[in-house]
Amino acid sequence: DFCLSRGLGDVYKRQLLSLHFKNKIIQMKSNTVAELLKKDAKSQDIEIKGWVRTFRANRFIALNDGSTLQNIQCVVDFEKTDEAILKRITTGAAVHIKGQLIESQGKGQNVEIAVLSINILGDSDPETYPIQPKKHSFEFLRENAHLRTRTNTFSAVMRLRSSLSFAIHKYFNENGFYYMHTPIITGSDAEGAGEMFRVSNLDAKNPPLNEDGSVNFKEDFFGKETNLTVSGQLEAETFAMSLGKVYTFGPTFRAENSNTSRHLAEFWMIEPEVAFMDLAGNMDLAEDFMKSVLKYVLDNNREDLEFLEQRLLDEEKTKPQAERSEMSLIEKINFVVDNNFKRVSYTEAIDILKNSKPNKKKQFNYIIEEWGADLQSEHERFLVEKHFKCPVILFDYPANIKAFYMRLNEDGKTVRAMDILFPGIGEMVGGSQREERLDVLKAKMKALDIDEEELWWYLDLRKYGTAVHSGFGLGFERLVMFATGMGNIRDVIPYPRTPQNAEF
């Protein structure tokens, strides 16, 4: 009507409508708790949506919306609020509040909200809501994993998980890597472990059989036996040999029947692969990468880190003195960010461990007796925390304890492998220079009874334009454990998949 009365054309109409709706959106925009806590108290009108953590004295709501660890206090005038609404303001309820941001009358916060109106969104049953304002065990919270992020601990963990994920993509993007999505369904076993989940649409009760009684997978969906991937590395190598620098960041699966605090059946892996890079370059890349992503959370997630550090300190007080950590959570992260990683050959590390006091006094659970032993977490942590007092990169491992694709050294018994060891957790990163020589790779595969026909495409890389190349793998949940101080890997992934458990 305004445009018609003034004879304005369609272009002006569209511009005015755009401004009108833009202004309405700005007026209707709901604030977050994190935004409001940073504002000055100027009696400004605001609105906010979130979940009630606590409601005291029919007056004080502690409101949280997941944007920060902190709650914001909302003060209700119970004399002007309908009693039916007051009864519905319970722990766990979702609410929409309109009010004024004012200077807080109490201690512990600068601002609070004087509530002008409150609307309860949806239903809330206080009698059955499981996440009450009290301490819950982690086991109980795993059983209620769909609600556990409403607690301070798990909201902090998942914000840190998100930040670490972003930092990983940011690092690779800024360093010229291309992000590759490798297959989740595969016909190869990259690790040679044989512990994989089968993917099939055959009738489980009556599958087609060969004459010898074995299952005829030629009649399966893919015409062959297929599984969920344990690694995207082999496929990433193919792209590195054309794009130069690539990385994967996706889900991987292991059918290992293990119920330890370090194992999941489904987890996420980061795997960069780089052409024309040897083991020394691989170590440089891995060290720079780890320092960068951890520095990112130090700079951007301080509040969550300080909360988790205090949680860990409180937990440590309940342990015997001998089992307590010598470093706090933030000290451990700074230990990695601020120190140069010490590079030590496997052979030198074995000599150090053999002659160490805990080995000679048989204090290790696994005594180091000879070269060739597969190092355990206790040995790795000794090297990092006691001997070198800095992160350690071990390299040139015995060939018989490492994967077939790692480059064989001239001594014929070690390979160009490397592991990065961190305080408190042991091995964090595993990688290697890949075997680029066709004849050597074929000989290793034959010795390990790996079918050449299954990996014909992988062998082609050694036929056509072969070159030195390297990469590493990092289990994302292990990194999140390190950065959050959580002791169980099931508490750093939204919905853990473990033996006998696929809930949610």
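# Burial, charge pairs and nonpolar cores in a predicted model

User: What percentage of the 504 residues of the protein count as buried?
Analyst: The model is a predicted one. Burial here means under 20% relative accessible area. Of the 504 residues of the protein, the share that counts as buried is 46%.

User: How many helices and strands does the protein have, and what does its C-alpha trace span along the principal axes?
Analyst: The protein has 16 helices and 16 strands. Along the principal axes, its C-alpha trace spans about 85 × 70 × 50 Å.

User: Among contacts between residues at least 6 apart in sequence, what percentage join residues at least 24 apart?
Analyst: A contact requires heavy atoms within 4.5 Å. Among contacts in the protein between residues at least 6 apart in sequence, those joining residues at least 24 apart make up 67%.

User: Which residue forms a salt bridge with D304, and is that residue buried or exposed?
Analyst: The partner of D304 is R159, with the closest N and O atoms 3.0 Å apart. This pair links distant parts of the chain, since D304 belongs to helix α9 (residues 302-316) and R159 to helix α6 (residues 152-174), 145 residues apart. D304 counts as buried because its relative accessibility is 5%. R159 has 16% relative accessibility and therefore also counts as buried.

User: Which residue meets E477 in a salt bridge, and how many residues apart are the two?
Analyst: The side chain of E477 meets that of R161 at 2.9 Å, N to O. Both E477 and R161 are buried. E477 lies in helix α16 (residues 476-484) and R161 in helix α6, so the pair links distant parts of the chain, with a separation of 316 residues.

User: Is K317, the salt-bridge partner of D314, buried or exposed?
Analyst: The closest N and O atoms of D314 and K317 are 3.9 Å apart, and the cut-off for a salt bridge is 4 Å. D314 is partly exposed because its relative accessible area is 39%. K317 has 57% relative accessibility, so K317 counts as exposed.

User: How many salt bridges does a search of the whole structure find, and which residue is linked in a network with D284, E287 and K291?
Analyst: The search of the whole structure finds 27 salt bridges. In the network of salt bridges, D284, E287 and K291 are linked with R343.

User: What is the nearest side chain of opposite charge to E380, and how far away is it?
Analyst: E380 lies in helix α13 (residues 377-388). Beyond its neighbours within four places in sequence, E380 is in contact with L375, L421, G426 and E427. E380 is buried and has no salt bridge. The nearest side chain of opposite charge is R478, at 6.0 Å.

User: How many residues are in the largest nonpolar core, and how many in another core apart from it?
Analyst: In the largest core, I168, F289, L294, M418, F422, M428 and L479 touch the most other members. Leaving aside neighbours within four places in sequence, L294 is in contact with I333, V336, V337, F422, L479, F482 and A483. Apart from the largest core lies another, whose members include L353, V384, M406 and V415. The largest core has 63 residues, and the other has 34.

User: What is the area of the nonpolar surface patch that includes F221?
Analyst: F221 is found in the loop between β8 (198-199) and β9 (226-228). F221 counts as exposed because its relative accessibility is 61%. Together with I184, I185 and F222, F221 makes a nonpolar surface patch of about 390 Å².

How values were computed:
Residues are numbered from 1 along each chain as its sequence is written. This is a predicted model: local features need pLDDT of at least 70, side-chain atom pairs count only at pLDDT 80 or more; totals for chains, interfaces and linings use all residues. Side-chain values use heavy atoms; hydrogens and water are left out. Helices (H or I, at least four residues) and strands (E, at least two) are DSSP runs, numbered from the N terminus. Buried means under 20% relative accessible area, exposed over 50%, partly exposed in between (1.4 Å probe, protein chains only). Lys and Arg count as positive and Asp and Glu as negative; His and the chain ends are not counted. Patches are made of residues with over 30% relative accessible area and no salt bridge: like charges are joined within 9 Å, nonpolar side chains (Val, Leu, Ile, Met, Phe, Trp, Tyr) within 5 Å. Accessible areas come from the Shrake-Rupley method with a 1.4 Å probe; for residues, only the protein chains shown count as cover. A nonpolar core is a set of buried Ala, Val, Leu, Ile, Met, Phe, Trp, Tyr and Cys residues joined through side-chain atoms within 4.5 Å.
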